[in-house]
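Biologist: I have a protein model open and no idea how to read it. Could you walk me through its features one by one?

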Amino acid sequence: MSTAVVVEAPGQHRLIEHEPVRPSAGEALVRVHAVGICGSDREVYQGNRPDGYVRYPLTPGHEWSGTVEAVGAGVPESIVGRKVVGEGFRNCQVCDRCHAGETTLCTAGYEETGFTQPGAMATTLTLPARLLHVLPDDADLTAAALLEPAACIAAAALKANALPGERVAVVGTGTLGMFAIQFLKANSPAELLVVGTRPDRAALSRDFGATDFRTRHPDHPAHFAVDNDTAGPGPAPPPPASLRRRGARLVLTGIPAPGAEGLDPTDLVVRQLEVHTVFGAPPAAWAHTVRVFGAGLLSPLPLVTHELPLAEFPQAIELVGSGDPKVGKVLLKP
């Protein structure tokens, strides 16, 4: 039986019979292979996602992979049977931001798969075909389910514009941090320092290309900085801004927990830091991610620790929030 998870309201969910939605003009019907769970899905279930960024009742699921089963009018039949992933932001395509390729800043307002539009925690997902990115025929769909968070990091990496021979640092050792290491390693840095709260991620960080690993307090998630200064950082890593030398580039890709230490405006000015932020991934970042993944430069599978059936959605949510260092990426398999 085809099924789907529906979160009726914060803390209330049910598993329902799922009827695939026939694709209309410009749409595609995808059979979901796997869907990842991240902290934002837990926010949806707990009810602490910011106003305007969730709409109940809702089928969650914004990190997913699958295979195209059918297409609507105007969509090439050639993509039927192809392995795909898809962008989440349902941009308008006509505003100035969209025309500039900055679809995550669409002025029509926020709409995203799995938050305000039906997501992939279902047997199938119907969405605009223009959001799809076709994968190589031999792509591992389980690994590909992690390409959404990878695309967010790709957006950050493109903004950072790290050049070969520069020194870079990644702060945070969750899924985003692990992808940041891999994207930055591909740019041949002189040094790649990883700073995190989980000593158990030291070996994996080095496997992905880190040259050094240090621990710190959990005040900032998944950020990284680029520094072309040859001097090393101090013995005890401070917050990301002061970790970097003057003139560094700092990219913030995670949302800190309430009460987290912020950036000091004086530091930003005196150190002449260049600061960027990322929320979601525009088309260019998605295309870059799919290319890098297809070239074998991204290894998502080592991050996956649990694969559960769709019916175990509540157990999966608990795993994600457990704080257990043995829990990495949790996937649901519809």
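Modeller: Sure. Let's start with what counts as a helix: a DSSP run of H or I that is at least four residues long, numbered from the N terminus. Keep in mind that this is a predicted model. With that in hand, find α9, which is followed by Gly296, a residue with a positive phi near 80°.

Biologist: How many helices and strands does the chain have?

Modeller: The chain has 10 helices and 15 strands. Of its 334 residues, 51% are buried.

Biologist: And what does "buried" mean in practice?

Modeller: A residue is buried if its relative accessible area is under 20%, and exposed if that value is over 50%. The accessible surface of this chain is about 14500 Å², and carbon and sulfur atoms hold 52% of it.

Biologist: How do I read contacts along the chain?

Modeller: Look at how far apart in sequence the touching residues are. Here, among contacts with a separation of 6 or more, 71% are between residues 24 or more positions apart.

Biologist: Back to the helix. What span should α9 have, and what do its end C-alpha atoms give?

Modeller: Helix α9 covers residues 283-294, so at 1.5 Å a residue its 12 residues should span 16 Å. The end C-alpha atoms are 16 Å apart, which agrees.

Biologist: Which residues of α9 are buried?

Modeller: First the general idea: an α-helix has 3.6 residues a turn, so residues three or four places apart point the same way. In α9, the buried ones are Ala285, Trp286, Thr289, Val290, Val292 and Phe293. Looking down the axis of α9, you'd see them fall within an arc of 165°, so they line one face of the helix. On the face turned away from that buried side, α9 carries the exposed residues Ala284 and Arg291.

Biologist: What do the buried residues of α9 pack against?

Modeller: Two strands and three helices: β5 (83-86), β7 (132-134), α3 (141-144), α4 (147-160) and α5 (175-185).

Biologist: Can I try the same reading on α1?

Modeller: Go for it. Its buried residues are Ser40, Asp41, Arg42, Val44 and Tyr45. Those residues pack against β1 (3-9), β2 (12-17), β3 (27-37) and α10 (313-320). Just after α1 you'll meet Gly47, with a positive phi of about 90°.

Biologist: Now strands. How do I tell who pairs with whom?

Modeller: Look for bridges, and check which way the two strands run. Take β15 (residues 329-333): β3 is joined to β15 by 3 bridges, and the two run antiparallel. Strand β14 (residues 304-309) is joined to β15 by 5 bridges, and this pair runs parallel. Leu331 in β15 is a handy landmark, as Gly36 stands opposite it, and so does Glu307.

Biologist: Is β15 enclosed or open to the outside?

Modeller: Of its 5 residues, 4 are buried, so β15 is largely enclosed by the rest of the structure.

Biologist: Which strand is joined to β9?

Modeller: That's β8 (residues 167-171), which runs parallel to β9 with 5 bridges between them. One of the matched pairs is Arg167 with Glu191 in β9. Strand β9 (residues 191-196) is mostly covered, with 5 of its 6 residues buried.

Biologist: Could we zoom in on one residue there?

Modeller: Try Val194, which is found in β9. With a relative accessible area of 0%, Val194 is buried. Beyond its sequence neighbours, Val194 touches residues including Val170, Ile181, Ala210 and Phe213. Ala210 is 16 residues away from Val194 along the chain, yet their C-alpha atoms are separated by 6.4 Å.

Biologist: What about residues in loops? Is Thr59 buried or exposed?

Modeller: Being in a loop doesn't settle that, so check the value. Thr59 lies in the loop between α1 (39-46) and β4 (63-71), and at a relative accessible area of 13% it is buried. A polar atom of the Thr59 side chain lies 3.0 Å from the backbone oxygen of Val5. Thr59 also touches Ala4, Gly114 and Met121, among others.

Biologist: And Thr103, where does that one lie?

Modeller: In the loop between α2 (96-99) and β6 (124-128). Thr103 counts as buried at 5% relative accessibility, and among the residues touching it are Glu87, Phe89, Arg97 and Pro282.

How values were computed: Residues are numbered from 1 along each chain as its sequence is written. This is a predicted model: local features need pLDDT of at least 70, side-chain atom pairs count only at pLDDT 80 or more; totals for chains, interfaces and linings use all residues. Side-chain values use heavy atoms; hydrogens and water are left out. Buried means under 20% relative accessible area, exposed over 50%, partly exposed in between (1.4 Å probe, protein chains only). Contact means heavy atoms within 4.5 Å. Accessible areas come from the Shrake-Rupley method with a 1.4 Å probe; for residues, only the protein chains shown count as cover. A polar contact is a pair of N or O atoms within 3.5 Å; within protein, one must be able to donate a hydrogen and the other to accept it, and residues adjacent in sequence count only if both atoms are side-chain atoms. The expected span of a helix is 1.5 Å times one less than its number of residues. The arc is that of the directions from the helix axis to the C-beta atoms. Two strands pair if DSSP finds at least two bridges between them.
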